Amino acid sequence: MWKYEKRLQYPVNISQPNPKLASFIISQYGGPDGESAAAMRYLSQRYAMPYKECKGVLTDIGTEELGHFEIIGAIVHQLTRNLTPQQIEESGFGPYYIDHTTGLWPQAAGGIPFNACEFQSKGDPITDLNENLAAEQKARVTYDNILRMVKDPEVADPIRFLREREVVHYQRFGEALRIVCDHLDSKNFYAFNPAFDRKEGCGQSC
Amino acid sequence: MMNHNYGALMKRVCETGFMLDDLILYLDTHPCDLSALECYKRAAQDYAGAVEAFESQCGPLTIDGARSDCYWTWVENPWPWEGGCE
């Protein structure tokens, strides 16, 4: 069960609209390495995770990603406030505007709609955690790419915060992978899938 | 590990919690309804009591309830999707 806190994890106060930048940053709302995919990835992987520390980290990073989804939403919203039709036309924001006005809709920078193929939930803890390590790095690169395009410090500041969180999450998932491996056969980590295969003499996966 | 009162204490949290969930939605669209506000106040107290009773015997329900000085009890089992198997 979740409860909502009426605050952003990191403040967003952007005074100058910039629809071109919004059309780049929206990729972290619904793009291939975006925050919505991150939240769904981790929150979906929890059910197949046998180890308590890793259930905790998937739950809590997944929850934080929902907060990041909201930060990106706030950035895109503030970058598209009070636009004139002329600004929309000149900035290249027109195709998005035609379908969504300035409402938020999860899509990639190239216009591709969000879909669940952006992430994996494989039912195998080693595989899922490697997916997560890669995902955090891909998101970090996307933020690096965004930061090269951003001149406005009011936009760069929260984007830098989100980029740093990718690095922290990468670290925590690395530790989670170590915890998983410590439970497995050190001569062959792949001898069995602890989320699926039952060990001899044990009623459930250990 | 699992407290034998777990089921009853959790049921109380769920019942009082759902009462709140439903009242919140009603109040969102009826922010001036004084009798609903009064109901909310009572329901919030019931929920807080149920959470307190649960956490004192069964461990944290939210991270705020992870109060142990010597271990991060938040990661202790059970997790909510593990119902039906101890």
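# Helix packing and an enclosed cavity in chain A

The lining of the largest cavity comprises 4 nonpolar, 1 polar and 6 charged residues. The structure is a predicted model, and this report sets that cavity in the context of the helices that pack around one another in chain A.

## Overall architecture

Chain A contains 8 helices and 0 strands. Read from the N terminus, its elements follow the order α-α-α-α-α-α-α-α. The C-alpha trace spans about 70 × 30 × 30 Å along its principal axes.

## Helix pairs

The table lists the packing geometry of selected helix pairs.

| Helix pair | Angle | Axis separation |
|---|---|---|
| α3(A) and α4(A) | about 160° | 8 Å |
| α3(A) and α7(A) | about 165° | 11 Å |
| α4(A) and α8(A) | about 165° | 11 Å |

Angles over 145 degrees count as roughly antiparallel. Helix α3(A) is therefore roughly antiparallel to α4(A), and α3(A) is likewise roughly antiparallel to α7(A). The same reasoning makes α4(A) and α8(A) roughly antiparallel. As to handedness, α3(A) passes α4(A) in a left-handed crossing; the crossing of α3(A) and α7(A) is left-handed, as is that of α4(A) and α8(A).

## Helix α3 with helix α4

Helix α3 covers residues 35-45 of chain A, and helix α4 covers residues 52-79. On the α3(A) side, the contact is made by E35(A), S36(A), A38(A), A39(A), Y42(A), L43(A) and Q45(A). The partners in α4(A) are L58(A), T59(A), I61(A), G62(A), T63(A), E65(A), L66(A), H68(A), F69(A) and I72(A). By class, this contact holds 9 nonpolar, 6 polar and 2 charged residues.

## Helix α3 with helix α7

Helix α7 of chain A runs over residues 125-149. Its contact with α3(A) involves D128(A), E131(A), N132(A), A135(A), E136(A) and Y143(A). From α3(A), the contributors are E35(A), R41(A), Y42(A) and Q45(A). Here the residues divide into 3 nonpolar, 2 polar and 5 charged. Residues E35(A), Y42(A) and Q45(A) of α3(A) take part both in this contact and in the contact with α4(A).

## Helix α4 with helix α8

Helix α8 occupies residues 153-183 of chain A. In α4(A), the residues that meet it include E53(A), C54(A), V57(A), E64(A), I71(A), I75(A) and L79(A). Also in this contact are L58(A), I61(A), E65(A), H68(A) and I72(A), which face α3(A) residues in the α3–α4 contact as well. Among the α8(A) partners are V155(A), P158(A), I159(A), F161(A), L162(A), R165(A), H169(A) and F173(A). By class, the α4–α8 contact has 17 nonpolar, 2 polar and 5 charged residues.

## The cavity

The model has 1 cavity of 30 Å³ or more, and about 50 Å³ of space lies in the largest cavity. Its lining is formed by D33(A), G34(A), E35(A), A38(A), R41(A), Y42(A), E65(A), A135(A), E136(A), A139(A) and E166(A). Helices α3 and α7 of chain A each supply at least two residues of this lining, and α3(A) gives the most, with 4 residues.

Several lining residues also belong to the helix contacts described above. E35(A) and Y42(A) line the cavity, and both belong to the α3–α4 contact and to the α3–α7 contact. R41(A), A135(A) and E136(A) are lining residues that also lie in the α3–α7 contact. E65(A), another lining residue, appears in the contact of α4(A) with α3(A) and in that of α4(A) with α8(A).

Definitions and conventions:
Residues are numbered from 1 along each chain as its sequence is written. Chains are lettered from A and ligands numbered from 1 in the order in which they are written. This is a predicted model: local features need pLDDT of at least 70, side-chain atom pairs count only at pLDDT 80 or more; totals for chains, interfaces and linings use all residues. Side-chain values use heavy atoms; hydrogens and water are left out. Axes are lines fitted to C-alpha atoms, for helices over the stretch in contact, and angles run from 0 to 180 degrees between N-to-C directions. Angles under 35 degrees count as roughly parallel, over 145 as roughly antiparallel, 65 to 115 as roughly perpendicular and the rest as oblique. A crossing is left-handed if the near helix is turned anticlockwise from the far one by less than a right angle, and right-handed if clockwise. Contact means heavy atoms within 4.5 Å. Ala, Val, Leu, Ile, Met, Phe, Trp, Tyr, Cys and Pro count as nonpolar, Asp, Glu, Lys and Arg as charged, and the others, Gly among them, as polar. On a 1 Å grid over the protein atoms alone, a cavity is a set of points where a 1.4 Å probe fits but cannot get out, and a pocket is an open set with protein on both sides within 12 Å along at least five of seven lines; lining residues have an atom within 4 Å of a point. Grid points are joined across faces, edges and corners, and a volume is the space filled by probe spheres set on the points.
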